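Q: I have a structure open and want to go through it piece by piece. Can you help me read it?

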Amino acid sequence: MTRIVPVIMSGGSGTRLWPLSRAALPKQLHALVTDMTMVQETVRRVSGAGEGFDFETPIVVLNERQHDLARAQLEALGTAPSHYVVEPFGRNTAPVAAVAAELVRRVHGEEALILLLPADHHIRDVPGFRQAVGVGAGLAGQGHVVTFGIQPDSPETGYGYIQRGEALEGGYTVAKFTEKPDLERARAFLADGGYYWNAGIFLFGAGRLQAEMRAHCSDVLDACTAAVQRAEVSGSKILLDPEPFEACPSISFDYAVMERTDKAVVVPADVGWSDVGAWSALWSIADKDADGNAVRGDVELVGTRNSYVLSSGQKVGVIGVEDLVVVTTEDAVLVTRRDTCQDVKTIVERLKAEGRGDLL
């Protein structure tokens, strides 16, 4: 049986889901799709055995403000991670991969496989996801760096795209990555049929990843290795050393490794994936009534269609509207059309400029 160590990235703030998602209580710590929070769903998804592989106890990477609540949620789930790695600063996904490779190499050896995945994605077809991981494990065991490609069903401009190359056993070489194309290019990708959405989920050997980072981004590898070597360890909590980690470049794993390596392969994974990146995405994947509405909380609808309404406590009434998102929390209310949900980040930027940290 191949052993796979899941490393779950849970440090993001999910600002496009403001006002519910905030720095200290981001979307992955909320129950947005099921009765479990998103980080609980993610840990459950990567527990136990699959066909030809076993998941080791996961590692969760997060920040100090999220640590206590994430720990409480996962202890309640009964599937406690082996370690909580606390980042003193946010440094994007390449440093997380470098930290993961060093930690896993020390405990499990260079040949151990790492599944690097975000804590805030929703996957409807969990058996299909685990099957794709099994295929990816075979390719990663041969020295490839694997990414998982989602079959696109619309010309989405908010995702990166992966162009497949030559066929391999269960996957393809990666011909090219394209970051968030405009609508015309996205439509062309969809018509071509040889493109996938980039889900930001990766599978690789610890030693292979370190070799690739040594070749393509040695400054990231060196800084993160030092941060692990000098980390403060207290039980299952690992606090990375701030000095070398602060010096680490902030760069994504895609830019630092995937777009530079000749070992990149993509495994197709048509598994009902969503990055839950905006309120409109939550509406898309939610159960809806006969009028196309999705609600959570104490909500009353009259003459309303194709809308998403969430109340965190108070009674909310919505009358005679279509295609809206309405979200209420204790101290803020958001009202937007579903097709302008990506602009929530503009509100967040304005609140930052106004010094409204109480709302962020």
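Q: Let's start with a helix. Which residues in α4 are buried?
A: This is a predicted model, so everything here is computed from it. In α4 the buried residues are Gly128, Phe129, Arg130, Ala132, Val133, Gly136, Ala137, Leu139 and Ala140.

Q: Where does a pattern with spacings like that come from in a helix, in general?
A: An α-helix has 3.6 residues a turn, so residues three or four places apart point the same way.

Q: How many residues does α4 have, and how far does it reach?
A: Helix α4 covers residues 126-140, which is 15 residues. From its first C-alpha to its last it reaches 20 Å, close to the expected 21 Å.

Q: What caps its N-terminal end?
A: Asp125 does. One of its side-chain oxygens lies 2.9 Å from the backbone nitrogen of Gly128. Gly128 is also one of the buried residues of α4.

Q: Zooming out. How many helices and strands are in the chain?
A: The protein chain has 11 helices and 21 strands.

Q: And how compact is the chain?
A: Its radius of gyration is 20 Å, and the globule rule gives 21 Å for 360 residues, so the chain is as compact as a globular protein of that length. The C-alpha atoms fill a box of roughly 60 × 50 × 40 Å along the principal axes.

Q: What share of the residues is buried?
A: Buried residues are 54% of the 360 in the protein chain.

Q: Show me some buried ones outside α4. Where is Ala186, and is it buried or exposed?
A: Ala186 sits in helix α5, residues 183-192. Ala186 has a relative accessible area of 0%, so it is buried, the cut-off being under 20%. Its C-alpha is 15 Å from that of Arg164, and the two are 22 residues apart along the chain.

Q: What about Leu203, buried or exposed?
A: Leu203 is buried, at 0% relative accessibility. Leu203 belongs to strand β11. Leu203 and Pro6 are 197 residues apart in sequence, yet their C-alpha atoms are 9.1 Å apart in space.

Q: OK, pockets now. How much space lies in the largest pocket?
A: About 1,400 Å³. It is lined by 43 residues, and those closest to its centre are Gly12, Arg16, Asn92, Thr93 and Asp120.

Q: Which elements give two or more residues to that lining?
A: They are β5 (83-87), α3 (93-108), β11 (195-205) and α9 (253-258). β11 gives the most, with 4 residues. That is the strand that holds Leu203.

Q: How do the lining residues divide by class?
A: There are 14 nonpolar, 18 polar and 11 charged residues in the lining of the largest pocket.

Q: What is the volume of the second largest pocket?
A: About 700 Å³. The second largest pocket has 27 lining residues, with Ser154, Glu156, Tyr159, Ala281 and Ser284 nearest its centre.

Q: Which element gives the most to that lining?
A: α10 does, with 4 residues. Both β15 (273-274) and α10 (279-285) supply at least two. By class, the lining has 8 nonpolar, 11 polar and 8 charged residues.

Q: Changing topic: backbone oddities. What counts as usual?
A: Most residues other than glycine have a negative phi, and most peptide bonds are trans.

Q: Where is there a cis peptide bond here?
A: A cis bond joins Trp18 and Pro19, with omega at about 10°. Pro19 is in the loop between β1 (2-9) and α1 (38-45).

Q: How far is Pro19 from Val348?
A: C-alpha to C-alpha, Pro19 and Val348 are 8.8 Å apart, although 329 residues separate them in sequence. Val348 lies in helix α11, residues 344-353. Val348 is buried, with a relative accessible area of 4%.

Q: What is the phi of Asn306?
A: Asn306 has a positive phi of about 50°, and it is not a glycine. Asn306 lies in the loop between β17 (299-302) and β18 (308-311).

Q: And the phi of Asp323?
A: Phi of Asp323 is near 60°, again a positive value in a residue other than glycine. Asp323 is found in the loop between β19 (316-319) and β20 (324-328).

Q: How accessible is Asp323?
A: Asp323 is partly exposed, with a relative accessible area of 30%.

Technical notes:
Residues numbered from 1 in each chain as written. Predicted model: local features only at pLDDT ≥ 70, side-chain atom pairs only at ≥ 80, totals over all residues. Heavy atoms only, no water. Expected span 1.5 Å × (residues − 1). Buried < 20%, exposed > 50% of the residue type's maximum accessible area, 1.4 Å probe, protein only. Polar contact = N/O pair within 3.5 Å; in protein donor to acceptor, adjacent residues only side chain to side chain. 1 Å grid on protein atoms, 1.4 Å probe; cavity = no way out; pocket = protein on both sides within 12 Å on 5 of 7 lines; lining within 4 Å. Points joined across faces, edges and corners; volume = space filled by probe spheres on them. Nonpolar A, V, L, I, M, F, W, Y, C, P; charged D, E, K, R; others polar. Rg over C-alpha atoms; globule rule 2.2 N^0.38 Å.
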